Amino acid sequence: MSNLNEIIESYTAKISDALKEVLPQHPNETEFRMPIDRLLEDFCAEAKLDPLAETEYTLARGRADAVFNRMVIEYERPGTLRKTLSHHPTAHAIDQVKRYIEGLAKQRRHELTRIAGIVFDGKYIIFVRYRAGEFQVEPPVDVNPDSLKRFLHWLASTASGIALTPENLNRDFSIEQLRTRNILRALKNRLDGVLDKNPMIRNLFKQWRIFFSQSIDYSEAFGGHKLEPLKRWADKAGLKIKTREEAESFFFVLHTYFALLVKLLAWLALSRHMAVKLGAPSFGELISTDGGMLRQRLKELEEGGIFRAYGLTNLLEGDFFAWYLYAWDEPTENAIRELLRRLDEYDPATLSIHPEESRDLFKKLYHYLLPREIRHNLGEYYTPDWLAQHLLEKLDDEFFSRDATKDEDKFREKLRRMRWLDPACGSGTFLVLIIARMKELGRALMVNETQLLNTILNNVVGFDLNPLAVLTARVNYLLATADLLEHRTGEVTIPVYLADSVRTPAAGQTLFTAGAYEFPTAVGTFLIPAVLCTKERFDRFCNILDESVRAQISPDAFISRIERELKLAPPEWQQGDADLARKVYEKISDLHRQGMNGIWARLLKNNFAPLTAGQFDYIVGNPPWVNWEHLPDGYRDSTRGLWVRYQLAGTFRGGRPRLGAVKVDISALMTYTVMDTLLKPGRRLGFVITQSLFKTAGAGAGFRRFLLPPHDRQPRPVRVLHVDDMVSLQPFEGASNRTAVMVLEKGKPTTYPVLYTFWRKKGRKRFTYDSTLEEVTKATVRLNFVAESVDPSDPTSPWLTAHPKAIKAVRKVLGKSDYEAHEGVNTGGANAVYWVDIVYKRTDGLVVVRNITEGAKVKVDEVTEPIEPDLLYPLLRGRDVQRWEAEPSAWIIVPHTPETFALW
C-alpha cells in the first residue's frame, strides 16, 4: 500500500480544489455533498480502508447524510455554520450528529466511544466524539489543509481510535518511524545552530547537565567502545554521533522529544476525559491552527497553563525541555505537526485509569524508545511491577493483603495517617501501586472521594534526580488519580519533586553563608534564609517569588509581601535574612528581564522538598545501584562528608576514610540518609538493593553496622526484619544484577538470625518482566533460610546464609584460611592511565612505556613516556589465565607502597 500520509496529502489537495470549484457556485447541500462523497470513497479505496460507505443512511433516529464505517458525516449547505457553538443552525446540526451517532451505535451494537461525527459545510468543520460518559464537541475550525488532513486521518482510522497502549506507541513513535526521525533531526539541527548563540537555551542545557551529571556520568556511559551502539542507533535517524560531547547533546534532544510526547499524551488524556466538564481547550484544536498559534499553545502547555485550567498546579512547571520554543523554525513546526496528527488518532478512553493498565504506559514507551544496551550503559533499570508489589506486601502485609471490612476503623485510620515516600521514584511504579491500593481501600470503606483524593496527595510522595523520570512519574500519578480529580475542592499539587534524597540542600558554613541554605544552578548559587526553609513556609515562599517576578513588583514590595503573608518578624527574622531574600528576588527578576526565567523559582521549590516534606511512616523503592568509582566526580566530592558521617566505607589505620579503596554503593548511602532524615522512629524502610551489601567483606561492612548517627546522644539502631535473595532469578530485564529485597525498622537493634528467603526458579518454569506476582510465585521455589554474621563477635562481618540446621554444621568447619583473597589492583576506572606496554628499555635504566587506550571506559590520550622500572608490575588480566597457565600480557603502573598505600 502506498504511504498513507502521501495519500492523505494528495486527497487534501483534491478536496481543496473541489471546494474552490464548487463553493463559488453557491450550491445546495446535495450539490455540495456529491463531489466530496466521491472523493472520500476514492480516498478510502486508494488507502485500502474497505469502508462500509453509505449515503442517506437510515437510522432509527433519522437519516444520516453519510456513514463511513464508524464515522457519521452531516453535510450542511455552505454558509450554514458559524464559528460559535451557540449559533442555532450550528447547534441544530451538532444535535443531529449526536442522534445519528447514538442510532448507529444501537443499530450496529457499537459502543458510543467507538463512533465519531463530523459536521461540514465547506467553510467550517466540527469534530464530535463521545468520551467519558458524554459528547465532546470541538469548536468549529476553518476548512484549511490542516483541518482537512485531520478529517482524513479520522476517516482512515474509521473513527475507531487507536488504543493507547505501549505497543501502539512504540509502533508509531519509535526511531524506526519517519515522523520520529524527522523531529529528532529537526531538534538536533536547531540545537546545534543556536546553543552558542542563545543564552536562554545555553543555560537550560547547562542546568539539564547539572541534574543528569548527578545521576549519570555521560563521559563514562559513552566512553570508548560504549559509544558504538549509540552511533549505530542514532544513525537510524540520520544523525552522526562521533564524540561523547555529541552523544550528550543528542540525549538532550532525545529527552526533549520523549518529554514532549509525554506532555502531549497527558494533555490528550485530560482533554478527552475532562475538557467538557472543565472548559479546558481541546487537544484537537492544535492540528488546524496556524504556526504562531501552535507555538503559543505549546508555550502554554510547557509552562503548565493548560494543566492549571484543570486545577493542576505543577504537572508541568516549565523545564529544560521547552528550549525548542526559543529556537522555533519551519522544520521543527512541521515535525511537531506530524507528531500531533498521529496522536490525534489515539483514543485515551482505552486507559481505564486502572493502574494495571496505565502504569506501564510511559515506562514501557521509554524502554521501547531506547535499545536495552544503551539504557544499561546509562544505568537505567526499571523495577518490574511484580517485584514492587512483593516488596510492598513485605513492608506491610496487612495494608496490602487483608480484607479492610474485617476491621474498618483500623484500616480507615491507617489509610488516613500512613505516609509513603519513594526517594528514587523513577517512572512512579511504587507510587501508582500504593495509590491503587488506597483507592481500593477507599471504595471498600466508603471514603468520600474528596477526602480520598486529599489523603493520597498528602500521603504519597516521590523524589527523583532525573527530570525525565519526574515528568513521567507525575503523569502516571495523574492517570492513577484522574477519576478523583473532579471531586477536588481546590488546586492540586502532584507531590512528585525533582530533588536529591541523598544530597539535600546544605546549610552554609562560611561567615557569609551561615544561616542560609545553598542551591547551586547554571546561573549561580542561590542562598535561601534558613527561616524560610520549613514545611509551613517554603512552598508558599516559592509561589510568592514566582508570582512577584511575573508581576514585576519592586524588591521592597516583595519583602513586604513575604513578611506579611509568612508572618516573619524579629527575633526570628533578621535584616540579614531580608537581604538574602531580596538578592534571590533581584537575581530571578534579572533573569526574567533577560528572558531566562521560567524554571528557577520552581527548581528551588522542588530541590528543597526533602527539607520541607516532613517525615514518613514507610519509605519504599529501588534506589540507584552505582559504585563509588562510577559516580560522577562532582557528585563524589559533594557527598564525601555523608559517606564519612554514616561510616559506610570504613577507615585506614590512622582514621582516613577508605573511599575508593572499597566498592561502596550509592544505594547504601541512600538507605542511611533517608532513614536518618525522612523516616519516623519505629517505622519501616523497604528497598530493592544489591545483595553484595550483605555478602562482601569490605564494601558491605559499614552498611552492616545497622546504626545511625546518635541523636541527642542517644544511639539509633536499625533492625533488619527480612531479606529476600533473588540473585538466581535475575528479575531485571537483560541484566545480571545481584538482586535482594530488604525490610528495615528504625529504632530497634538487629538480632541474629535474620529471616532470609532464597528464591530460585522451579524446573523449566519461566516468567518475564511483564509477569504478575502470582505468575512469578508459581514459577519459583522459596527456601526459608536464616542469615548470621560469619564472625559472631563482629556484626559487620559478611553474612552466612543457609537453613538453620545447616548454619550449625557450617560453623563446625569454619576457621582461619591459609589463603587470603584480594581483589587485585583497581584503578578506579582509569585503566587507560595505568595499564601500559613496554616500548623499550633505555641505557640509563628508565623504561619507555605507552598507555593502553583500546576499549577504555574513559577517553585518555595515548602517550609514550619514560618511567622508573620500580613502578612497573606485570598485569595479569582474566583473559590471560588458562587452565594450569597464566601469562601476563601487559604491565601496570603501581605508584603505591604496600605498607601505607601512599603515593611514592
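Contact here means heavy atoms within 4.5 Å of each other. Keep that in mind as you load the whole chain: among contacts between residues at least 6 apart in sequence, 69% join residues at least 24 apart.

What you have open is a predicted model, in which local features need pLDDT of at least 70, side-chain atom pairs count only at pLDDT 80 or more, and totals for chains, interfaces and linings use all residues. Residues are numbered from 1 along each chain as its sequence is written, and side-chain values use heavy atoms, with hydrogens and water left out.

**Stop 1: the whole chain.** Switch to cartoon view and you'll be looking at 35 helices and 30 strands. These are DSSP runs numbered from the N terminus, with helices (H or I) of at least four residues and strands (E) of at least two. Of the 904 residues, 55% count as buried; buried means under 20% relative accessible area, exposed over 50%, and partly exposed in between (1.4 Å probe, protein chains only). Turn on the surface and about 39600 Å² is exposed, with carbon and sulfur atoms supplying 49% of it. Those areas come from the Shrake-Rupley method with a 1.4 Å probe, and for residues only the protein chains shown count as cover.

**Stop 2: a helix pair.** Select 408-417 (helix H20) and 449-459 (helix H22): they pack at about 55°, with their axes 8 Å apart. The axes are lines fitted to C-alpha atoms, for helices over the stretch in contact, and the angle runs from 0 to 180 degrees between N-to-C directions. H20 and H22 are therefore oblique to each other, given that under 35 degrees is roughly parallel, over 145 roughly antiparallel, 65 to 115 roughly perpendicular and the rest oblique. Show side chains for Leu-415, Arg-416 and Arg-417 of H20, then Leu-452, Thr-455 and Asn-459 of H22, and you have the contact.

Now slide back to Met-446, in the loop between helix H21 (429-444) and H22. Met-446 is not a glycine, yet has a positive phi of about 60°. Buried or exposed? Met-446 is exposed, at 72% relative accessible area.

**Stop 3: aromatics.** Rings of Phe, Tyr and Trp (its six-membered ring) pair if their centres lie within 6.5 Å; planes under 30 degrees apart are stacked, over 60 edge-to-face, and the rest tilted. By that rule there are 33 aromatic pairs. Try Tyr-130 and Phe-135: the ring centres are 5.0 Å apart and the planes at 85°, so this pair is edge-to-face. Tyr-130 counts as buried at 18% relative accessibility, and Phe-135 does too at 13%.

Next, select Tyr-646, Tyr-672, Phe-694, Phe-703, Phe-706, Tyr-752, Tyr-756 and Trp-799, which ring pairs link into a cluster. From Tyr-752, step along to Pro-753: the bond joining them is a cis peptide, omega about 5°. Pro-753 sits in the loop between strand E20 (739-746) and strand E21 (754-761).

**Stop 4: another cis bond.** Jump to Pro-570 and Pro-571, where the peptide bond is cis with omega near 5°. Pro-571 lies in the loop between helix H25 (555-565) and helix H26 (575-593).

**Last stop: Arg-877.** Look in the loop between strand E27 (872-875) and strand E28 (881-882). Arg-877 is buried, with 15% relative accessible area. What does Arg-877 touch, not counting residues up to four places away in sequence? Select Trp-835, Ser-889 and Ala-890. Finish by drawing a distance between the C-alpha atoms of Arg-877 and Pro-888: 7.1 Å, for residues eleven apart along the chain.
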